[in-house]
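Welcome! Have a look at the sequence and the model below, and then let's walk through a few spots together.

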Amino acid sequence: MENAINAIMIKRLGINFVENKDLANECFFGQRIKAPIHELLLSLIDIEKEFHIHLSEQKIIDGKYDTYNHVIELVREEIEEFGVI
């Protein structure tokens with residue numbers, strides 16, 4: 001799962017979070033990453049398609065799609081809760 005998410009982030013943000021573990025807890029909107037909003041939206045769509053899931057809009061609104069590690073958590077929770085893949 002993490003490799004697939006990392007591949008999406010490489011494609012969308014140009015960052016390999018597996019190789020750059022120090023960025024995994026950095027906010028996508030912070031000074032170090034400065035992710036464009038449209039690329040984050042596309043990464044969300046890519047992740048939902050890849051894993052056949054729908055991430056909670058409320059969790060996204062609450063700011064939980066803000067770091068690489070949080071994205072991993074959200075996907076893991078969704079897979080465990082609904083038993084997809």
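**A short tour of the model**

F28 and Y65 are both buried. Please keep in mind that this is a predicted model. The briefing below begins with the aromatic rings, then turns to the pocket and ends with a glutamate.

**Aromatic rings**

- The structure holds three aromatic pairs, and two of them are described here.
- One of the three aromatic pairs is formed by F17 and Y68, whose rings are stacked, with 4.6 Å from centre to centre and 5° between the planes.
- This pair links distant parts of the chain, 51 residues apart: F17 sits in the loop between α1 (2-13) and α2, while Y68 belongs to helix α4 (residues 68-82).
- Are F17 and Y68 buried or exposed? Both of these residues are buried.
- F28 and Y65 also form an aromatic pair, this one tilted, at 6.3 Å centre to centre and with 55° between the planes.
- Because F28 lies in the loop between α1 and α2 and Y65 in the loop between α3 (57-61) and α4, their pair ties together parts that are 37 residues apart in sequence.
- Taken together, F17, F28, Y65 and Y68 make up one aromatic cluster, and burial is shared by F17 and Y68 as well as by F28 and Y65.

**The largest pocket**

- How much volume does the largest pocket have? The value is about 160 Å³.
- Its lining consists of F29, I37, L40, L41, L44, I60, G63 and Y65.
- Y65 therefore appears in two settings: as a lining residue of the largest pocket and as a partner of F28 in the tilted pair that ties together parts of the chain.
- Which element gives the most to this lining? That is α2, with four residues.
- Sorted by class, the residues lining the largest pocket are seven nonpolar and one polar, with no charged residues.

**A glutamate in α2**

- E39 is found in helix α2, which covers residues 37-51.
- With a relative accessible area of 17%, E39 falls under the 20% cut-off, so this residue counts as buried.
- The side chains of E39 and H38 are joined by a polar contact of 3.4 Å.
- Leaving aside residues up to four places away in sequence, E39 touches R12 and L13.
- Helix α2 thus holds E39, and this helix also gives four residues to the lining of the largest pocket.

Note on methods:
Residues numbered from 1 in each chain as written. Predicted model: local features only at pLDDT ≥ 70, side-chain atom pairs only at ≥ 80, totals over all residues. Heavy atoms only, no water. Helix = DSSP H or I, 4+ residues; strand = E, 2+ residues; numbered from the N terminus. Buried < 20%, exposed > 50% of the residue type's maximum accessible area, 1.4 Å probe, protein only. Polar contact = N/O pair within 3.5 Å; in protein donor to acceptor, adjacent residues only side chain to side chain. Contact = heavy atoms within 4.5 Å. Phe/Tyr/Trp six-rings, centres within 6.5 Å; stacked < 30°, edge-to-face > 60°. 1 Å grid on protein atoms, 1.4 Å probe; cavity = no way out; pocket = protein on both sides within 12 Å on 5 of 7 lines; lining within 4 Å. Points joined across faces, edges and corners; volume = space filled by probe spheres on them. Nonpolar A, V, L, I, M, F, W, Y, C, P; charged D, E, K, R; others polar.
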